[in-house]
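Visitor: Hey, got a minute to walk me through this one? I'd like to get my bearings before I start clicking around.
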Amino acid sequence: MKRLVRAAAGALILAMAALPAAAQKKGGTLVMVVLPEPPTLASYLSTSGPVGQVAAKVYEGLLEYGPDQKPKPGLAKSWEAAADGRSITFKLQDGVTWHDGKPFTSADVKFTLMEVLKKLHPRGGTTFQALAEVETPDASTVVMKLDKPAPYILSALSGYESPMVPKHLFEGSDIRSNPNANKPVGTGPFKFVSWERGQYVRLDRNPTYWRKGQPYLDRIVARFIADPGTRTAAMEKGEVHYGAFGAVPYVDIPRIRTLPHIDVSTDGYGMISSLMQLEINTAKPPFDKVKVRQAVSYALDRKFMIDNIWFGFGKPSTGPISSNFQAAGLYEGKVRDYTVKDAVEIANKLLDEAGYPRGADGMRFKIVHDMLPYGDEWRRLGEYIKQALGNVGIDVTLRYEDVPTWLKRIFTDYDYNITSTFYYNLADPVMGVHRQYHSSMIRKGTVFVNGSRYSNPAVDKLLDEATVETDPAKRAQQYSQFQKILAEDVPLIFMTEMQFATVFNKKVKGAFDDALGVYSSFAGVWME
Amino acid sequence: MIAFWHLFRRNRAAVFGLALLGLVLLLAAAGPLFYPESAFKLVDKPFQAPFGHWLLGTDMLGRDVLAGLVHGARTSLLIGLVATFVAATFGVVMGGLAGYYGGWIDDLLMRTTELFQTIPSFIFAIVLVAVLSPSIESVVIAIAVVSWPAMARLVRGEFMALRGREFVQASVAQGMSDAKIILVQILPNCLSPIIVTGSLMVATAILIESGLSFLGLGDPNVMSWGFMIGAGRGVLRSAWWLCAIPGLAILLTVLAINLVGEGLNDALNPRLRER
């Protein structure tokens, strides 16, 4: 009960803190550029970025998250976890209605969690694996019953990760083909109005929004502009005000950020924590040898990639968990350092030791590098890798295929040596990290799981323990050990923590007060 | 041969084209002497403007643009020539058989040719490379597959015209075999249009290769001009030379080949001799 009180008090303080900043201006249209155009707006079925960027303005979650990633009230005004970690009780906000006028109740929450997210959401199956049952003692109370403690659930209840959908519009229909996918009805600050395919989605202010006085904006228009040069020009001209996730290409940012009306921020990506990695086929020679993998890790210059391919965005990563988890105590930086001065000499030495001496042509062995088929940066990266590994005697051939062929090669056929890729850590390692390293996630045909087929019983044990551990200190200890082992074993080469850039017009205010950035509801965003 | 040079020389533009083409060939042939290492080698700081330490500057990863240009010349010419040779050979065989035999053979072969002709050639090339997965062999195959129908139609027409001529009739009356008539009697007589068309096909092949590389469908292990333009496109506003230099190289090479083709046409076409 103490926690409940504390949460409520916190909410009050937050509400008061928001008051003095009453300079927020009402009205105005915010034009955001979204890349690429989403196929649907069904954020309850797809975690694809552009879907969430638009749908998070319409659908809300039980919780929101401040810039420190701590939960704040969303559709739930307070919450309390039981002492044994086996249940979490939520109290819902009063007077919340769906955009069609029907009241929002605990029945909607139960339906969304059990029938939609747990069954159909790509990450919901993992997030809510411990969720056995949802009880609704009254219309404004929700109790999650858990098989085992799952502390990470409280990090996964945002409007992007776990959107609440209206039971009355989904019940009894096939949820996957429900027409709501293209004309969403939510509780959020903005109502869906229209979608001109190939051009824009228009969202208008929800006049009956439960947060009194919000939202400030009259309208949000999400525009889809295919050509990168045109996106940059539209931002320069002030036709669009906001673009996240590299909507304005990195290469244009040094130039555009010097303009008086444009600003650039790397905030708002803290709950994503994208890590760029090289996925390695650890079951196939020569990369079945740890020393060969370590040599590759030494041979690559992370700073060069960041400076020349990502134009200064990103920082070298040390292991499987992003340094964004420093605040949560889950990040361990004291691991084997691959960015030392004599890294290339070490790489050569390791390769000699591994039994691959240089041949007459100076090369030790041949491999194929599959470049992630997501565009130019990954090609440049491949070209760099070919040169850098060539320097230590690894003869690299580059291959670039289409996305389905690449996915099949890596995650079904395992017919590869080394490929570039990136993974989101998400809000908690259980959601984003375990899938890559736990041996139970070697699942032929399932994409973006343990494609390197890394299997280490010690790691499995640590991950299993950390999943149910409720004591933060013990959990930190488990993850610290996990990161130290991984830095030695390098089943994937840990390259960089990717930084995404949001480019925006300085007229836009309050867009970075939420840990989710572009995936937040924009209720508190206003235009000068 | 001297008479031929005499005729060719009358077209000044063709002589200019030949000189230009010679320069490109020299670049391609002598390049490895000056740039024995890979054109992908990172040599210096990225984004250095031309006419500094590096004659043509460096690209976004710090590669020497001149080295890329030299190696790209080899790729472009090699692919242009090999693909044209394959396409021309296949086209001559198809067109020759259709034109010589006529009847159902002609129908069969020409309907097949038309089938290929109805598909827009560049789109078809993209599909082929995407299916075969990008490599230098698949690019050559794709260009050959989309280029041969034009040659087949041309050769068929020539063969049909020559088939009824007296010297061919005489060969038939003498009991010469079909193969010998085709190879010894008819083919040498329609060589000049084949050479002219072939030379223009080289230019088209270079353009298709550049287009494919530009779209990222070239062999990622081989430097080519189209690849250089495609990679430089994103930084056009900050480093114009990365697109402009290879672009100019493609323009001049294709122009040179076209001018030479024109000159060959003038020199080899008896009807134009007195012009």
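Guide: Sure, we can go through confidence, the chain contact and a few helices.

Visitor: What ipTM and pTM does the predictor give the complex?
Guide: This is a predicted model, and the complex gets an ipTM of 0.84 and a pTM of 0.83.

Visitor: And what's the mean pLDDT of chain B?
Guide: Chain B has a mean pLDDT of 90, with 98% of its residues at 70 or more.

Visitor: OK, on to the interface. How many residues does each chain put into the contact?
Guide: Chain A brings 18 residues and chain B brings 15 residues.

Visitor: Which element gives the most on the chain A side?
Guide: That's helix 11 of chain A, with eight residues. Helix 11 (376-391) and strand 16 (394-399) of chain A each supply at least two residues to that side.

Visitor: What's the class breakdown there?
Guide: The side of chain A that touches chain B has nine charged, five nonpolar and four polar residues.

Visitor: Switching to chain B: at what angle do helix 3 and helix 6 pack?
Guide: Helix 3 (residues 65-101) and helix 6 (residues 136-163) of chain B pack at about 35°, and their axes are 5 Å apart.

Visitor: Is that crossing left-handed or right-handed?
Guide: Helix 3 and helix 6 of chain B make a right-handed crossing. Their contact counts 22 nonpolar, seven polar and four charged residues.

Visitor: Last one: how far does helix 5 of chain B reach?
Guide: Helix 5 (residues 121-132) of chain B has twelve residues and spans 16 Å from first C-alpha to last, close to the 16 Å expected at 1.5 Å a residue.

Visitor: What follows helix 5 of chain B?
Guide: S133(B) does, and its phi is positive, near 65°.

Terms used: Residues are numbered from 1 along each chain as its sequence is written. Chains are lettered from A and ligands numbered from 1 in the order in which they are written. This is a predicted model: local features need pLDDT of at least 70, side-chain atom pairs count only at pLDDT 80 or more; totals for chains, interfaces and linings use all residues. Axes are lines fitted to C-alpha atoms, for helices over the stretch in contact, and angles run from 0 to 180 degrees between N-to-C directions. Helices (H or I, at least four residues) and strands (E, at least two) are DSSP runs, numbered from the N terminus. A crossing is left-handed if the near helix is turned anticlockwise from the far one by less than a right angle, and right-handed if clockwise. Ala, Val, Leu, Ile, Met, Phe, Trp, Tyr, Cys and Pro count as nonpolar, Asp, Glu, Lys and Arg as charged, and the others, Gly among them, as polar. The expected span of a helix is 1.5 Å times one less than its number of residues. pLDDT is the predictor's confidence in each residue, from 0 to 100. Two residues are in contact if their C-beta atoms, placed from the backbone, lie within 7 Å.
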